[in-house]
Amino acid sequence: MDIALQERLHLALTAQRRAFDAERMPSEAVRRDRLQRLLGMTRQHSEALAAAMAQDFGHRARQESLLADLFTVESAARHALKRLRRWMKPRRVETPLHFLPGRNVLMRQPLGVVGIVAPWNYPYYLAMAPAVAALAAGNRVLIKPSELTPATSALMARLVGECFAPEEMQVITGDAEVGKAFTQLPFDHLFFTGSTPVGRIVAQAAAKNLVPVTLELGGKSPAIVDRSADLALTASRLAFGKLFNAGQTCVAPDYLLVPRELAEPLTERLLAEMRRMYPRIAGNPDYTAIISPRHHARLQGLVDDAAQRGARVLKSHVDHPDDRRMVPTLLLDVPADAIVMQEEIFGPLLPVVPYDQLDDALAQVNRGDRPLALYWFGQDGAMRDRVMRETHAGGVTVNDCLWHLGQEEQPFGGVGASGMGAYHGEWGFRTFSKEKPLFIQSRFAGTRLFQPPYGATFEKLLGLLKRIT
Ligand code: NAD
């Protein structure tokens with residue numbers, strides 16, 4: 001391993017730790033100031049950041065950057081600023097009768113120095129939204145963004161360098177090697193967003209130092225269409241959810257489960273909706289390109305593999321884009337062993353899988369790893385409740401796609417192979433805090449009666465406690 005790199009990382013961590021040790025419980029005013037600077041930085045440089053993302057993707061719809069990378073960070077920062085005082089306040093916790101007049105208090109304390117590792121698909125949001133939570137909770141932050149978005153990562157490093165002291169927050173750019181060295185640092189908490197295979201490696205690296213981790217990973221998120229669904233509405237919302245950022249979204253619907261008799265009509269409507277939203281693919285400023293030639297080739301490989309195994313390939317458009325934009329593609333009659341049914345797709349391809357009974361659809365979902373998201377479309381409340389009870393997922397949107405991710409009042413995070421831990425709003429504040437229970441004993445306390453020498457009083461009291469608790 002590169003000794004100079006390790007040394008650079010250790011120096012950055014040590015400087016932050018020293019600064020944290022000098023101010024272990026930053027005041028509300030200090031935290032507010034940090035959040036305001038992050039907010040100001042985001043607002044002031046929105047267009048430049050969107051341009052950097054466009055450069056990194058080859059093409060990134062400007063509106064997608066403004067909505068999904070910039071507005072989201074702004075709104076997370078404003079939400080935190082509004083609720084910071086309440087989040088920081090120690091909480092009174094109920095105290096059982098036999099401990100009175102002692103009292104319980106739960107205090108929220110910053111952890112120290114936290115590491116954030118971000119992926120490329122929403123490069124600003126996935127680096128800065130966790131940073132909002134970490135700063136609100138009073139921590140120092142080191143961020144390692146993705147090497148696949150070099151322009152955005154470099155701009156982020158420069159802007160953070162201008163708006164924050166290096167011992168407050170710092171961006172360390174670099175490739176997977178840097179990521180590897182970064183995740184071996186003895187942070188007080190490591191927050192990783194990325195793929196499940198890399199998440200596994202990161203968890204192992206963190207375990208060596210007993211660093212607690214939050215893992216925001218991916219997986220195959222199903223969309224289940226019920227017989228009671230409004231097909232027109234379902235098609236329009238699925239097309240949006242699948243093609244936003246050209247399907248390069250952790251919570252994009254990965255594959256569709258559709259009642260057999262609805263598979264053809266829904267496919268037709270989906271293709272029509274895709275053409276309505278994107279009248280053309282080649283040169284369309286609203287349609288984002290695939291991040292790299294390697295990812296483009298991987299997606300094309302998924303289509304070829306499915307086709308070779310007998311799948312029907314339906315493209316929404318006849319265009320031939322001459323850049324990395326990829327024509328949306330529906331895949332029908334896909335055999336279960338096709339790679340597209342094994343791996344997370346992360347692009348504008350959508351297998352349409354028919355089912356006869358809901359049991360079959362649920363069995364298919366439950367055979368796989370627990371997904372990051374699940375979508376259900378329909379009007380039949382009993383069916384919906386059954387699907388919610390009998391499947392696991394990191395989060396759910398009913399009758400639409402993606403939008404549960406925008407809820408600051410709800411936790412966002414995976415389950416099983418799609419991740420562990422959560423953030424957004426107060427959930428993020430708690431992720432980056434130690435919730436420290438304090439029991440404040442009073443001068444006169446009944447607990448004295450439990451002290452030795454043990455005798456009849458002890459037995460009587462224990463008997464009484466058993467009856468009243
Ligand atoms: P990735 O796992 O390849 O990379 C993520 C980050 O980890 C990058 O910064 C990379 O440099 C770093 N890295 C790579 N190898 C490493 C190693 N051995 N040790 C430490 N760090 C290493 O993921 P990606 O391709 O950038 O992103 C796509 C994946 O992220 C998809 O699976 C997607 O579902 C997932 N994702 C999840 C969420 C979520 O919120 N749960 C959000 C976006 C993306």
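Mentor: A residue is called buried when its relative accessible area is under 20%, exposed when that area is over 50%, and partly exposed in between, using a 1.4 Å probe and protein chains only. The model here is predicted, so local features need pLDDT of at least 70 and side-chain atom pairs count only at pLDDT 80 or more, while totals for chains, interfaces and linings use all residues. Residues are numbered from 1 along each chain as its sequence is written, and side-chain values use heavy atoms, with hydrogens and water left out.

Trainee: Is Arg17 buried, exposed or partly exposed?

Mentor: Arg17 counts as partly exposed because its relative accessibility is 25%.

Trainee: With which residues is Arg17 in contact, leaving aside its neighbours within four places in sequence?

Mentor: Contact means heavy atoms within 4.5 Å, and with those neighbours set aside Arg17 is in contact with Val113, Pro186, Phe187 and Asp188.

Trainee: Which side chains have an N or O atom at a polar-contact distance from an oxygen atom of the ligand?

Mentor: A polar contact is a pair of N or O atoms within 3.5 Å; within protein, one must be able to donate a hydrogen and the other to accept it, and residues adjacent in sequence count only if both atoms are side-chain atoms. A ligand oxygen lies 2.8 Å from a side-chain N or O atom of Lys144, and a ligand oxygen lies 2.6 Å from such an atom of Glu344.

Trainee: How much of the ligand does the protein bury?

Mentor: Accessible areas come from the Shrake-Rupley method with a 1.4 Å probe, and for residues only the protein chains shown count as cover; the ligand taken alone exposes 840 Å², of which the protein buries 91%.
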